[in-house]
Amino acid sequence: MTMNWIELEKIAQEWTYEAANIIKDSLAKPIHIEAKSNPNDLVTEVDRAIESYFFDKISKTYPDHHFLGEEGVAEELESLEGTVWIIDPIDGTMNFVHQKYNFAISVAIYHEGVGMVGIVYDVMSDELFHAVKGHGAYINGKELVPVKERPLHESVIGLNARWIVDGKHSYRNPLLALIRDVRSVRSYGSAAIEIAYVAADRLDGYLSVNLSPWDYAAAVILLEEVGCQASTFQGEPLMLLTPSTVIVGKPHLHKEMISAYLGEEQ
Ligand code: 2AM
Ligand code: CA
Ligand code: CA
Ligand code: CA
């Protein structure tokens, strides 16, 4: 059976709005916070509740679809065969905990490894970034226009503030050179929102030394609709099952950041 991706996007949007209401209700109560891989890597019971909410909805409605989420509610996934939902229940958990602002629900649907539906919902600012492959990218139903390039020295890029991976300052020198040469950098604390901002022409590019598939799976579907690029720092396609470096941007800037700065680890 072929899926109607536009219909499926509508259902995914409804579930996303419902999940957002659960998150907003939770803000009135004390939130239990735990550390994961290190004291600054946070998770709350709300992250898990939202992931379970999506897992239950998807497995009841589409029992043949697969599920990949950050908080491990479903069994580990080993391939992208068939239809796979890739969910980050709260992207920007630290913002959720510290600011109660600037966090997103990220919902992607891939089919045989190809991104078909992408939704990034900035819950508190009520901005829904959404796309169906081949049908354009939108904010709250308003279509985004193909992006216009700027030269690198006039570009503003988003940069994940965590440069240290496994105790190593990876890419320190190339990143310092890039920061020196661009107009300015921003760090909003949610990879999904920052990549959606590139699609919306609020940033020219975004990069992070280490992201997982659920951080970018939905937002990169928006990018393709407005003519932007996404890859690893080496220019390789993003691996949707393992963590990697991630760089996205307007096509010329994306290419220049890789070839002039990041292509080879230093
Ligand atoms: P998260 O909030 O879902 O964990 C900002 O640090 C961005 O990097 C967020 O999108 C965050 O997603 C992501 N990120 C990925 N791995 C992380 C980690 N180990 N610690 C903190 N943030 C991480
Ligand atoms: Ca996390
Ligand atoms: Ca995330
Ligand atoms: Ca998360």
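Let's start with a strand pair in this predicted model: β7 and β8 run antiparallel, and 3 bridges hold the pairing. One of the matched pairs is F129 with I139, the latter sitting in β8. The hairpin that β7 and β8 form has 4 residues between the strands, and G134 there takes a positive phi near 85°.

Now look at the other neighbour of β7. β6 also runs antiparallel to β7, this time with 6 bridges joining the two. Here G118 stands opposite A131 of β7. This hairpin, too, leaves 4 residues between its strands, and D126 is the residue to check on a Ramachandran plot, with a positive phi near 50°. As for β7 itself, 5 of its 6 residues are buried, so the strand is largely enclosed by the rest of the structure.

Zoom out and you'll find that the chain splits into domain 1 (5-143) and domain 2 (152-262). Their centres, taken over C-alpha atoms, are 21 Å apart. Where they meet, 31 residues of domain 1 contact 23 residues of domain 2. Several elements supply two or more residues to the domain 1 side, including β6, β7 and β8. β6 gives the most, with 6 residues. Sorted by class, that side has 18 nonpolar, 8 polar and 5 charged residues.

So where does ligand 1 fit in? Ligand 1 lies between the two domains, because both of them give residues to the shell around it. That shell has 15 residues, and D41, D91, G92, T93 and A191 come nearest. Its make-up by class is 2 nonpolar, 7 polar and 6 charged residues.

Conventions
Residues numbered from 1 in each chain as written. Chains lettered and ligands numbered in written order. Predicted model: local features only at pLDDT ≥ 70, side-chain atom pairs only at ≥ 80, totals over all residues. Domains from an automatic or database assignment. Contact = placed C-beta atoms within 7 Å. Nonpolar A, V, L, I, M, F, W, Y, C, P; charged D, E, K, R; others polar. Near = placed C-beta within 6 Å. Buried ≥ 20, exposed ≤ 12 C-beta atoms within 10 Å, placed from the backbone. Pairing = 2+ DSSP bridges.
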